[in-house]
Amino acid sequence: MLSAERIMQRCDALARHSELPGGLTRVFLSRENRAANELVLGWMREAGMQASVDAIGNVVGRYEGQQQPCLMLGSHLDTVRDAGRYDGMLGVVSAIECVAALHERRKRLPFAIEVVGFGDEEGVRFATTMLGSRAIAGALDPAVLKTTDAAGVSIEEALRAFGLDPAGMRDVARKKGSVAAYAELHIEQGPVLEAEGLPVGVVTAINGFSRLRVTLQGEAGHAGTVPMNLRRDALAAAAECVLAIERIARADVDLVGTVGRIEARPGAINVIPGEVQFTIDFRAPRDELRMQAVGSARAEVEAIAEKRHVGCRIEMLQELGVAACAPWLMSQLARAVAAEGFPVRKLPSGAGHDGMALKNIADIAMLFVRCKGGISHNPAESITEADAAVGARTLLRFIENFELPA
Ligand SMILES: [Zn+2]
């Protein structure tokens with residue numbers, strides 16, 4: 001029997017493995033990551049799965065079926081800084097709960113089920129996202145493993161320190177055809193379901209994103225002696241850029257744009273900022289709209305830099321196109337929602353998810369679960385046990401009725 005109480009308890013148990021006292025921060029390949037993996041491995045084995053950690057640090061459990069290929073379920077086990085306890089974890093724990101329910105009935109399905117707890121989705125430690133799902137999708141460039149964290153430790157070194165062998169990465173990648181579909185349950189992280197009084201919704205597509213880094217090079221100088229008309233203040237230039245990006249993003253309701261990080265050097269009260277770096281994050285449900293925004297932002301930043309006589313370098317850090325959910329999977333999820341007695345609400349995902357990477361090898365689908373106030377990436381993130389129950393029941397119904405398209 002599905003137990004929503006156990007789902008909630010397990011999310012609580014995972015939240016205790018945190019580097020942040022009194023809050024939740026758990027980054028990729030950390031001590032806390034290891035402890036969370038151990039918990040999840042135990043739950044998977046208890047649910048009748050063969051479970052292990054793969055070479056990129058994903059926890060993978062497999063519940064054999066009568067034949068290949070597998071239906072892959074899952075979500076991520078890493079968190080942002082000062083996170084909520086459901087973003088990612090709810091999907092892993094709910095999927096395990098579904099398999100446990102099958103195992104209890106000694107029920108095997110025509111296909112195998114794999115549950116994956118992805119090691120890195122948020123990209124907090126190495127500023128590069130979805131390492132776990134990209135590796136499984138065979139879409140991880142080995143050069144990425146040289147990326148370092150703030151302490152100068154590369155992903156490769158961190159994997160070794162975690163007891164993993166980066167050379168095993170080749171075996172992590174799945175062949176096309178070995179995964180029949182990927183389905184993820186995740187909290188909505190937005191306010192739509194709550195506003196409409198619905199516990200679950202079926203995702204239509206995951207919005208694409210572009211992430212850029214801008215470096216403005218001015219000239220540092222004495223804050224007391226350099227007259228205003230002779231300054232090349234990189235931070236004042238950046239301020240204009242931030243407002244320009246906000247204006248660009250506001251021009252279309254479907255577009256969002258954020259400058260989430262900014263750093264001024266040398267960073268002293270009495271020194272004119274000589275160099276500034278900031279990030280830009282654009283997201284949209286249509287690739288051409290996002291591309292246009294990136295183009296406008298580049299042009300505006302360059303124009304501002306030129307006007308203010310500061311140097312300017314714009315780098316694209318990461319870009320992913322819109323990941324549409326497969327109609328055949330959406331309709332099977334929709335049937336499961338309707339069978340639970342709820343209207344089928346279809347909605348796009350403004351947040352990125354592992355499905356964007358897995359799309360490389362399989363069709364994808366997502367089931368959203370309502371969260372309080374649409375709040376996420378925040379310790380106030382909250383769901384009800386009743387909604388966790390609806391989510392798990394819907395997912396189990398979807399699994400038990402899962403059929404490949406004719
Ligand atoms: Zn997430």
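In this predicted model, the domain assignment divides the protein chain into domain 1, made up of residues 4-207 + 322-400, and domain 2, which covers residues 208-320. The centres of the two domains, taken over C-alpha atoms, are separated by 34 Å. Nine residues from domain 1 and nine residues from domain 2 take part in the contact between them. On the side of domain 1 that touches domain 2, four of these residues are nonpolar and five are polar, while no charged residue is found there.

The largest nonpolar core comprises 116 residues, of which I96, V99, V115 and L333 touch the most other members. Helix α3, residues 89-104, gives the most to this core, with a contribution of nine residues. Both domains take part in the core, since at least three residues are drawn from each of domain 1 and domain 2. Around V99, when neighbours within four places in sequence are left aside, the contacts are with A47, G48, M49, Y63, I113 and V115.

A second position examined in detail is L367, which is placed in strand β16, residues 364-369. L367 is buried, because 26 other C-beta atoms lie within 10 Å, where 20 or more are required for a residue to be counted as buried. Not counting residues up to four places away in sequence, L367 touches L185, V200, V202, L333, G391, T394 and L395. L367 and L347, which are 20 residues apart in sequence, have C-alpha atoms 9.9 Å apart in space.

Helix α9 comprises 21 residues, numbered 287-307, and at 1.5 Å a residue these should span 30 Å, a value that agrees with the 30 Å between its end C-alpha atoms. Within α9, the residues R290, A293, A297, V301, I304 and A305 are buried. These residues cover an arc of only 95° around the axis, and they therefore lie on the same side of α9. In general, an α-helix has 3.6 residues a turn, so residues three or four places apart point the same way. The buried residues of α9 pack against four strands and a helix, namely β7 (208-217), β9 (256-258), β12 (275-284) and β13 (311-320), together with α8 (234-250). The face of α9 turned away from this buried side carries the exposed residues E288, G295, A299, E306 and K307. The helix is followed by H309, whose phi is positive, near 55°.

Definitions and conventions. Residues numbered from 1 in each chain as written. Predicted model: local features only at pLDDT ≥ 70, side-chain atom pairs only at ≥ 80, totals over all residues. Helix = DSSP H or I, 4+ residues; strand = E, 2+ residues; numbered from the N terminus. Expected span 1.5 Å × (residues − 1). Buried ≥ 20, exposed ≤ 12 C-beta atoms within 10 Å, placed from the backbone. Arc of directions from axis to C-beta. Contact = placed C-beta atoms within 7 Å. Core = buried A, V, L, I, M, F, W, Y, C linked by C-beta atoms within 7 Å. Domains from an automatic or database assignment. Nonpolar A, V, L, I, M, F, W, Y, C, P; charged D, E, K, R; others polar.
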